[in-house]
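Me: Please take a close look at the side-chain contacts in this model, starting with the aromatic rings. I would like the pairs described together with how accessible their residues are.

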Amino acid sequence: MERTRTPVVSGWFTGTEAGDGFRLLGTRCSACASVFFPREDACCRNPHCPGGGELAEVPLSPRGRVWSYTDGRYRPPAPYVSDPDAPWEPYTLVAVELEAERMVVLGQAAPGVTPAGLAVGMEVEVVEGVLGEDAGAARTTWWFRPVEGAR
């Protein structure tokens, strides 16, 4: 049975359909060429923008370099919602400077990627991840994983 895929945040990424390339989506201002993630649909956030530009959706670089990383070894306090009876699984957070945009995006590392397997400057790629599943539905998100052979 095929699982229904629902993005955790609509409009932040594309390519969750089989065979499509997974990409984060941002917006670019036509007046100043600033790129934003998360996307901006109202107005340019660049305080030095001359104004009058249109915001267009753009796919962001699929690769970048590790800027920083850390691990989450504790369950966040309220208002974070989680099942207190479920075991807590540590996870790795990665800040990645995207290749073309030169902006830093934060995301979770793919399962199995720990701080011991990362290094500042290492090349990584964005991939589709599943944040959770229930009743045949998967909540999709993005993860970063090292590029094969990168160090």
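Reply: What follows covers the aromatic contacts, then the salt bridges, then the cysteines. The model is predicted.

Over the whole structure, a search finds six aromatic pairs. In one of them, the ring centres of W12 and F37 lie 5.5 Å apart with the planes at 65 degrees, so this pair is edge-to-face. The contact joins distant parts of the chain, since W12 sits in the loop between β1 (4-7) and β2 (13-14), while F37 sits in the loop between β4 (35-36) and β5 (55-59), 25 residues apart. F37 is buried, at 13% relative accessibility, whereas W12, at 23%, counts as partly exposed. A second edge-to-face pair is formed by W88 and Y91, with ring centres 5.9 Å apart and planes at 75 degrees. Here W88 is partly exposed at 24%, and Y91 is partly exposed at 23%. W12 and F37 also belong to an aromatic cluster, together with F13, F22 and W142.

Turning to charged side chains, the structure holds eight salt bridges. Among them is the contact of E125 with R63, at 4.0 Å from N to O. This pair, too, links distant parts of the chain: E125 lies in strand β9 (residues 123-134) and R63 in strand β6 (residues 63-72), 62 residues apart. E125 is buried, with 17% relative accessibility, while R63 is partly exposed at 32%. Both residues are part of a salt-bridge network that also includes E123 and R145.

Two further salt bridges involve an exposed arginine. D71 meets R73 with the closest N and O atoms 2.7 Å apart; D71 is partly exposed at 31%, and R73 is exposed at 58%. R102 meets E97 at 3.7 Å, N to O; R102 is exposed, with a relative accessible area of 58%, and E97 is partly exposed at 24%.

The cysteines remain. The search of the whole structure finds zero disulfides. A disulfide would require two cysteine sulfur atoms within 2.5 Å. For C32, the closest cysteine sulfur is that of C44, at 3.6 Å, which is too far for a bond. For C49, the closest is the sulfur of C32, at 3.7 Å, again too far for a bond. C32 is partly exposed, at 24% relative accessibility, and C49 is buried, at 18%.

Definitions and conventions. Residues numbered from 1 in each chain as written. Predicted model: local features only at pLDDT ≥ 70, side-chain atom pairs only at ≥ 80, totals over all residues. Heavy atoms only, no water. Buried < 20%, exposed > 50% of the residue type's maximum accessible area, 1.4 Å probe, protein only. Phe/Tyr/Trp six-rings, centres within 6.5 Å; stacked < 30°, edge-to-face > 60°. Helix = DSSP H or I, 4+ residues; strand = E, 2+ residues; numbered from the N terminus.
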